[in-house]
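Reader: I would like to learn how to read aromatic pairs and loop residues in a protein model. Could you walk me through it?

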Amino acid sequence: MAIITVVGASGTTVQVTVDGGLNQKLAIDYQNSILKASTSNSLAAFDLKPGGNSDTLPGGASVLQGVVTAGGAYSVTGAYTNLVVAALASEGSTVLDGQVTVDASGSTGSSLSILTSNLGNTDVTVGDQSGKYVATAGTSTFDSSKSDGSWTISTGMDTKNTLTLGSGSNYVVSEGQDTIDGVGSNDTVTLLGGSSTVTLATHAAVVDAASSDLITVGDGSTVFGGFGSTVNFSGGTGTVVGSIGDTITAASSLLVVHGVSNDIDASGALTFISGTGTTTINAGTATIFGAAGLDALVNTTSSAALFVANDGNETIDGSSASMGLHAFAGVGDNTVIGGSASDTLVGGTGNATMTGGSGAANLFVITDGLAGGDYTITDFGSAAGNIMALYGYGLQNSSGLHNVLDAATVAGGNTTIQLADNSKITFVGVTDLSASNFNLS
């Protein structure tokens, strides 16, 4: 923990305790700006008294600072540019550890910088201004709900703060365990401390660089990162990037990019790109572009899900889905499982295990030039109307398919056929393949 010294009234000094990286930087910026104003004789600093304070800038001064060093309720109505709630009035004095209330809503300054290090509780209310608020210690409440201006806010480590943001574009860096509420658009919040609660409106950006946060944002918002957090999108669209182990819900459409082991529930359309790990997906409809290591359980409620594998081993399990699955296996070893509807499962250049699921009339597909692996169909004979499509092999000409079936291997109750590109297809539990089981082109 660092101690910052700030010039106070009549050239005296007050001290502010600081922890946290950005907190310290902003506190030093405050210190330097006051020192510069003092050196150039443009600083007017007053010790604030409990009750009303209405100080004015004397001639030649451009910085009006109010200083609080004792508990109490204060209001300021002058053209203040700076307020400091100090931990110490001077070296060796009693540390401020009590209730301080500052009402700056009547201040006429267009910009206001506030620095507080009270070890107790500090409540600050501002008016229609822009400014900076730095809470370095204790517990604080900051209310800028009446402000159309934009605020830069930083809270220190081991602090607990309640921040109410106004209608401007605000920027918050939270190193504490904070509750942050915003009503305007375009707020940006960075969470470093963890276990915070954030509720923002439209077009917000949240950088969740911590864990176990509770985040709710409106339409057009983006959440970056997170570890074990809960994220709710209340508007029409939303984006999540790089979350790990988050629980994510969306009232409408959602884009999830580079997520790891998330639990996702979107009422509308989900687009899922390059996700990995054990992942649960529930959505109205879903387009899923996987990545190596993805193990996804998928259910859609309004239309079939589309899955496209990438490099590496991936599993897509639609066994609980009622709307079908259109899945394209990729380069690695893929496992694809359909649900109770009619599914389309397409093998790629790697190996694939394909299960049609409980539905009938599933279509299994491989295409010459895009195949060449070993494919296992686990339940081809379990439902009526299942079809194996072989595209581009020319087997519909002459007796091509009959030659393939004549050369099939039947062993252990399974049948395996081999094609000219070295693709092998094993039909588990099937010993009586016929031409009627195939679709050729």
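Reader: Let me start with one ring: is Phe-427 buried or exposed?

Author: Happy to help, and please keep in mind that this is a predicted model. Phe-427 is buried, because its relative accessible area is 0% and buried means under 20%.

Reader: What about Phe-438, is that residue buried or exposed?

Author: Phe-438 has a relative accessible area of 9%, so with the limit at 20% Phe-438 is buried.

Reader: How should I read a pair of rings in general?

Author: Two values describe a pair of aromatic rings: the distance of the centres and the angle of the planes.

Reader: How many aromatic pairs are there here?

Author: The count comes to five aromatic pairs. One of them joins Tyr-133 and Phe-142, with 4.3 Å centre to centre and 20° between the planes. That pair is stacked, because planes under 30 degrees apart count as stacked. Tyr-133 is buried at 0% relative accessibility, and Phe-142 is buried with a relative accessible area of 0%.

Reader: And which geometry do Phe-427 and Phe-438 show?

Author: Phe-427 and Phe-438 form an edge-to-face pair, 6.2 Å centre to centre with 75° between the planes. The angle decides the label here, because planes over 60 degrees apart count as edge-to-face. This pair links distant parts of the chain: Phe-427 lies in strand S38 (residues 424-427) and Phe-438 in strand S39 (residues 438-440), 11 residues apart.

Reader: Which residues do ring pairs link into a cluster?

Author: The cluster consists of Phe-364, Phe-380, Phe-427 and Phe-438.

Reader: Now the loops, please. Where is Ser-147, and is Ser-147 buried or exposed?

Author: Ser-147 sits in the loop between strand S12 (139-143) and strand S13 (151-155). A loop residue can still be read by its accessibility: Ser-147 counts as buried, because its relative accessibility is 1%. Leaving out residues up to four places away in sequence, Ser-147 touches Gly-127, Asp-128, Gln-129, Gly-166, Ser-167 and Gly-168.

Reader: Where is Ser-169, and what is its relative accessible area?

Author: Ser-169 is found in the loop between strand S14 (160-165) and strand S15 (171-174). Its relative accessible area is 39%, so Ser-169 is partly exposed. Not counting residues up to four places away in sequence, the residues Ser-169 touches include Gly-149, Ser-150 and Trp-151, as well as Ser-185, Asn-186 and Asp-187.

Reader: How far apart in space are Ser-169 and Phe-227?

Author: From C-alpha to C-alpha, Ser-169 and Phe-227 are 26 Å apart in space, and they are 58 residues apart in sequence.

Methods: Residues numbered from 1 in each chain as written. Predicted model: local features only at pLDDT ≥ 70, side-chain atom pairs only at ≥ 80, totals over all residues. Heavy atoms only, no water. Helix = DSSP H or I, 4+ residues; strand = E, 2+ residues; numbered from the N terminus. Buried < 20%, exposed > 50% of the residue type's maximum accessible area, 1.4 Å probe, protein only. Contact = heavy atoms within 4.5 Å. Phe/Tyr/Trp six-rings, centres within 6.5 Å; stacked < 30°, edge-to-face > 60°.
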